[in-house]
Amino acid sequence: MIPTRTKARVLVVDDSVTMRAFFGSIFDRARGIEVVGTAASAEEARRMIVQLRPNVMTLDIEMPGMNGLDYLEEVMRDRPMPVIMLSSLTQKGAEASFQALERGAIDCFPKPTSENREEFAQRLSALVVAAANGSARSARYAREVPARTGSAHHHHHSPAFDWNGRIAVASASTGGVDALLQLLPGLPVDGPPIVVSLRIEPEFVAPLMQRLKTRCPARVMLAEDGRPLRRGEIQIACDPATHAVIDRWPDPAVKLLRTDPVNGARPSASLLFATAARTAGANAVGAILTGIGTDGVAGIKALHAAGAITIAQDSATCLVDQAPAAARAAGAIARDLPIEAIAAAILDGCRAAVDAAA
């Protein structure tokens, strides 16, 4: 069933000779990747795209002449292709990287330190191959996520949410920033409790939380050990040192576990989903969003088997359709939906039924 893989034809754009050589050596060692060219500036990259027809680009944010962010915007407009941004680990770098995600980059990697080079090489190579194989899409991400004007004040007029006591759990990795910025503002101030497992570079947590807090009617916070699941609260688990799990029923709470990664992932979406299946069972709604790899699939199978409502972000709106595709292939998904329809689907699953005829 595995489709033949397209070779990744990468253009490396970086003003540092050392970094160009470093990325070149990573990609030369990786299977399924060919470096078609390296460019030191946006100007050089423009010419090379026309000649060499790359299907993936790595782009440095800090460059002389036109900076990476402005060039990214141009690429998304004129030659949309998956672009992976590389940036320094400063606070300024994190904010710029975040803007790059909002403007259409499929992911941003901090430039590696000397210790984590091997792991960096593996992750970057896996992403480049996924990007070239159409399981990473970028054209529709070339847009600013609109801020919801005054969303914090909407709730005075909207009818109270008639909650049936169910909880929601969701997961995302690559592309998750964009997905959460589209999904979470659609949940009302008194909506169901939701816990999200998100694998994201630690530097992006602060800019993401800041944006979510200004755009979401519900309260958004980092997951806290022992914190009860309360309506109107969205807990985001993104600490790479802990797993978030659902503990107890009928008064569920989040527990943070300091244990080994599960299938290479921490926090593990599968662990979050499987513990929701064990505690809440059919009183849960699970959603698996855009992401690389298969984290979450085993857990969403457990949710599906327990009678929970299971949702996957559809292929067309996923930035990387690996985790959702694997969940669909496992027969664990009841509803396959575009990201813009998922908030409503979660609310439907957590709303008290009016009556059978409705």
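Start by selecting Arg29: with a relative accessible area of 55%, this residue is exposed. Keep in mind as you go that you are looking at a predicted model. Now add Glu118 to your selection; at 48% relative accessibility, Glu118 is partly exposed. Arg29 and Glu118 form a salt bridge, and their closest N and O atoms are 3.7 Å apart. Arg29 belongs to helix H1 (residues 17-29) and Glu118 to helix H5 (residues 117-132), so this pair ties together parts that lie 89 residues apart in sequence. Side chains of opposite charge can pair when their charged atoms come close.

**Next stop: helix H5**

Stay with H5 and colour its residues. Does the helix keep the span you would expect, or what does the ruler say? At 1.5 Å a residue, the 16 residues of H5 should span 22 Å, and the end C-alpha atoms are 22 Å apart, which agrees. Which residues of H5 are buried? Select Phe120, Ala121, Leu124, Ser125, Leu127, Val128, Val129, Ala130, Ala131 and Ala132 to see them. Then show what surrounds them: the buried residues of H5 pack against H1 and against strands S1 (8-13), S2 (33-39), S3, S4 (83-87) and S5 (107-110).

**Into strand S3: Asp60**

From H5, move to strand S3 (residues 56-60), where you will find Asp60. UniProt lists Asp60 for "modified residue: 4-aspartylphosphate", in an unreviewed entry. Is Asp60 buried or exposed? Its relative accessible area is 2%, so Asp60 is buried. To see the surroundings, display Val13, Asp14, Asp15, Gly68, Leu86 and Lys111: leaving aside neighbours within four places in sequence, these are the residues in contact with Asp60.

**More salt bridges**

How many salt bridges does a search of the whole structure find? The search finds 18. For another one, select Glu95 and Arg211, whose closest N and O atoms are 2.8 Å apart. This pair links distant parts of the chain: Glu95 sits in helix H4 (residues 91-102) and Arg211 in helix H8 (residues 205-215), 116 residues apart. Compare how the two partners are placed: Glu95 is partly exposed, with a relative accessible area of 28%, whereas Arg211 is buried, at 9%.

Now pick Glu224 and Arg227, whose side chains meet in a salt bridge at 3.2 Å, N to O. Glu224 is partly exposed, with a relative accessible area of 37%, while Arg227 is buried, at 14%. Add Arg219, Arg230 and Glu233 to the selection, and you have a network of salt bridges linking these residues with Glu224 and Arg227.

**Last stop: Asp295**

Finish in the loop between strand S12 (284-288) and helix H10 (297-305), and select Asp295 there. Asp295 is buried yet has no salt bridge. Which side chain of opposite charge is nearest to Asp295? That is Arg199, 4.0 Å away.

Look at the backbone around Asp295 too. A polar atom of the Asp295 side chain lies 3.0 Å from the backbone nitrogen of Ala269. The Asp295 side chain also reaches the backbone nitrogen of Ser270, at 3.4 Å. To complete the view, show the residues that Asp295 touches, not counting those up to four places away in sequence: Arg199, Ala265, Pro267, Ser268, Ala269, Ser270, Ile288 and Ala323.

Technical notes: Residues numbered from 1 in each chain as written. Predicted model: local features only at pLDDT ≥ 70, side-chain atom pairs only at ≥ 80, totals over all residues. Heavy atoms only, no water. UniProt positions renumbered as here; feature names shortened; annotations may be inferred. Helix = DSSP H or I, 4+ residues; strand = E, 2+ residues; numbered from the N terminus. Buried < 20%, exposed > 50% of the residue type's maximum accessible area, 1.4 Å probe, protein only. Contact = heavy atoms within 4.5 Å. Lys, Arg positive; Asp, Glu negative; His and termini not counted. Polar contact = N/O pair within 3.5 Å; in protein donor to acceptor, adjacent residues only side chain to side chain. Expected span 1.5 Å × (residues − 1).
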